[in-house]
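Visitor: I'm new to this structure. Could you pick a single part and take me through it closely?

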Amino acid sequence: TLFRSGTCRKGRRGQEVSCADRSGSEQGEAGPELYPTSTPPPQHVQCTLGETMADDEDVQASQGILQEIFTSPLNISLLGLCLFLLYKIIRGDQPSTSGNQEEPLPKLKRRDFTRAELSEFDGTKNPRILMAINGKVFDVTRGKKFYGPEGPYGIFAGKDASRGLATFSLDVESIRDTYDDLADLDATQRETLKDWEEQFTFKYHHVGKLLKEGEEPSEYTDDEEQKDAPKDAKDRKND
């Protein structure tokens, strides 16, 4: 049996295919060169029928998918939602250029606070937010999303947060109206409070101390202000 160069035609019952030349002549007629069946035909002798059918099936499948997407209101809605989320993700990585961006407040000079004075800095009466922890007052304004009026720890804004942080409590009962000496805290709670104090000292500006009743405020010098300046500049750079 010989192969003729040209297009191919399927055989029957597992027989080898026979080929016709491009002029339409069948096997056995005079025409292009012949090749033994035991020898694979050269590169230019190929069957295109299977490839054409496969291409047609791919095109039909693609058309079916597109038709299914664009003819179903639900699929169109899901596609629009995916595109919107992708847009938000890409836009979210870009810095905001809005003119409504808040300017950082100037650094607060070192001073001490009574409980009444501290309560004025809760983010509503005053845009600056102060908190007291273990007798120290910190300016947490740049952590407004946590300690502002709408933040998860907003209950501590303008207050002594020592007991609440030591006991992991956000209840109003953890806020005392008078000076709290924290004498009833156990060893674990005191250690927890110390950890909070260290974190706030590292991250936020230490403004001064929370005064006990009848205690006189300290007088801070310019040298102490300058000593804190490098740390504050580093904190602003990391924001």
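Guide: Here's a close look at one helix, from its start to its aromatic rings. A quick note before we begin: this is a predicted model, where local features need pLDDT of at least 70 and side-chain atom pairs count only at pLDDT 80 or more, while totals for chains, interfaces and linings use all residues. Residues are numbered from 1 along each chain as its sequence is written, and side-chain values use heavy atoms, leaving out hydrogens and water.

Our helix is H6, residues 187-203 (helices are DSSP runs of H or I with at least four residues, strands runs of E with at least two, numbered from the N terminus). Its 17 residues reach 25 Å from first C-alpha to last, close to the 24 Å expected at 1.5 Å a residue (that is, 1.5 Å times one less than the number of residues).

Thr192, Leu193, Trp196, Glu197 and Phe200 are the buried residues of H6, whereas Ala187, Thr188 and Phe202 on the other side are exposed (buried is under 20% relative accessible area, exposed over 50%, partly exposed in between, with a 1.4 Å probe and protein chains only). The buried ones pack against strands S5 (130-133) and S6 (136-139) and helices H4 (144-147) and H5 (162-166) (contact means heavy atoms within 4.5 Å).

Now for the rings: Trp196 and Phe200 sit 4 residues apart in H6, about one turn. Phe138, Phe146, Tyr147, Tyr153, Trp196, Phe200 and Tyr204 make up one aromatic cluster (rings of Phe, Tyr and Trp, the last by its six-membered ring, pair if their centres lie within 6.5 Å; planes under 30 degrees apart are stacked, over 60 edge-to-face, the rest tilted).
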